[in-house]
Amino acid sequence: RFNSLEYTYGDGCKLNYDEVHDRFTLYVQNVGDVKVKLHRLLPVGANIKHVLLKRKASGWYVYLQLEVPQQDIQPSDNPVVAGDVGLLRLLTLSDGTEVDNPRWLRKSLAKLRRAQRRLSRRQKGSRRRKQARQQVALLHEHVANTRKDFWHKTTRTLVNRYGAIALEDLNLNFMLHNRLLSRSAHDAGLGMFYTLLDSKAANAGVQIVRVDPAYTSQVCSECGCVVEKALSVRVHCCPHCGLTIDRDLNAARNIFALAFKSAW
């Protein structure tokens, strides 16, 4: 009847190790011992405080909330960088690195449309309608898992390579509620990117700097003159100094100057 259950660890729920079969089992009250596939071993010295059981389209998952010993985190001495966040390219760094947008949802729209049409034709309450609904849910879960895996790997690469990262302090609600940008904004998952980057940076000693994004795309990063251009114009051409570079790279350089040079 429920899609999720919560337990205080040790009160109706406990993780055990079965030495006979060399596997972990989870004891759940009124259910018994359930086999589990452990994603990774628990950190040394960690204590399980809370347990969340959650049902997804692909099955049941267990989330363990841990209390880990306080670690002495040293500030990173890697180089600093700034990045411009967008939808055409997810991330453009001031050193020229570009992260393309895989567009996970858009690539799956054809499969989703077929699955949803199949679902709409099934009789309500029937077994085949339940199976069709399961197929739609599995497709959505696959898209979400692929997006999350991508951002986990990307943010890990960033905190391993740089010691401080400057980004725009974007108002994501504007894109999410814009009828022309909402699908692409939801597909990109920029909110997930910010959340995962903050979490990984805190554990790696990396500083995250947020700057006001106003005019970062309009100002020339070379001479400081304002060159107004529409969103559809993807190349920055300055009539004053002659600088011609990618629009997002120009914005990334302006963000770098705002965050680390304070010279603009």
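What is the handedness of the crossing of α2 and α5? In this predicted model, the crossing of these two helices is right-handed. The axes of α2 and α5 come within 9 Å and make an angle of roughly 40 degrees. Angles under 35 degrees count as roughly parallel and those of 65 to 115 degrees as roughly perpendicular, and α2 and α5 are therefore classed as oblique to each other. On the α2 side, the contact is made by Arg147, Lys148, Trp151, His152, Thr155, Arg156, Leu158 and Val159. The residues contributed by α5 are Leu190, Met192, Phe193, Leu196, Leu197, Lys200, Ala201 and Ala204.

Helix α2 also packs against α1. The axes of α1 and α2 come within 8 Å, with a crossing angle of roughly 170 degrees. Because angles over 145 degrees count as roughly antiparallel, α1 and α2 are described as roughly antiparallel to each other. From α1, the contact involves Trp104, Leu105, Ser108, Lys111, Leu112, Ala115, Gln116, Leu119 and Ser120. From α2, it involves Arg129, Ala132, Arg133, Val136, Leu139, His140, Val143, Thr146, Arg147, Phe150 and Trp151. Arg147 and Trp151 of α2 are thus listed in the contact with α1 and also in the contact with α5.

The largest nonpolar core has 28 residues. Within this core, the residues with the most contacts are Leu91, Leu158, Ile165, Leu167, Leu190 and Phe193. Two or more residues are given to the core by each of the helices α1 (104–121), α2 (127–161), α4 (182–188) and α5 (190–204), and by each of the strands β7 (80–85), β8 (89–93) and β10 (164–168). The most is given by α5, with 6 residues. Leu158 illustrates how the core is joined: leaving aside its neighbours within four places in sequence, Leu158 is in contact with Leu91, Leu93, Ile165, Phe193 and Leu197. Apart from this core lies another, of 8 residues, among them Cys13, Leu15, Val28 and Leu53.

Two sheets are described next. Strands of a sheet pair through backbone hydrogen bonds, in either a parallel or an antiparallel sense. One open sheet has 3 strands in the order β1-β5-β6, with antiparallel pairing. β1 (4–8) and β6 (59–67) are at the edges of this sheet, each with a single partner strand, so one side of each has no neighbour in the sheet. From one strand to the next, the twist averages 15 degrees. β1 pairs with β5 (residues 47–56) in the antiparallel sense over 5 bridges. Within this pairing, the bridge partner of Leu5 is Leu53 in β5, and Thr8 stands opposite His50 in β5. β5 and β6 also run antiparallel and are joined by 9 bridges. Arg55 has Trp60 of β6 as its bridge partner. β5 and β6 form a hairpin, with 2 residues between them.

Another open sheet of 3 strands has the order β2-β3-β4, again with antiparallel pairing. The edge strands here are β2 (13–18) and β4 (32–35), each of which pairs on one side only. The twist in this sheet averages 35 degrees from one strand to the next. β2 and β3 (residues 23–28) pair in the antiparallel sense over 6 bridges, and the bridge partner of Lys14 is Tyr27 in β3.

Several loop residues were also examined. Asp22 lies in the loop between β2 and β3. Asp22 has a positive phi of about 55 degrees although it is not a glycine. The relative accessibility of Asp22 is 56%, and this residue therefore counts as exposed. Tyr215, in the loop between β11 (207–211) and β12 (235–237), likewise has a positive phi, of about 65 degrees, although it is not a glycine. Tyr215 counts as exposed because its relative accessibility is 56%. Val31 is located in the loop between β3 and β4 and, at 60% relative accessibility, counts as exposed. The C-alpha atoms of Val31 and Ala230 are separated by 60 Å, the two residues being 199 residues apart along the chain.

Technical notes. Residues are numbered from 1 along each chain as its sequence is written. This is a predicted model: local features need pLDDT of at least 70, side-chain atom pairs count only at pLDDT 80 or more; totals for chains, interfaces and linings use all residues. Side-chain values use heavy atoms; hydrogens and water are left out. A nonpolar core is a set of buried Ala, Val, Leu, Ile, Met, Phe, Trp, Tyr and Cys residues joined through side-chain atoms within 4.5 Å. Buried means under 20% relative accessible area, exposed over 50%, partly exposed in between (1.4 Å probe, protein chains only). Helices (H or I, at least four residues) and strands (E, at least two) are DSSP runs, numbered from the N terminus. Contact means heavy atoms within 4.5 Å. Two strands pair if DSSP finds at least two bridges between them. Axes are lines fitted to C-alpha atoms, for helices over the stretch in contact, and angles run from 0 to 180 degrees between N-to-C directions. A crossing is left-handed if the near helix is turned anticlockwise from the far one by less than a right angle, and right-handed if clockwise.
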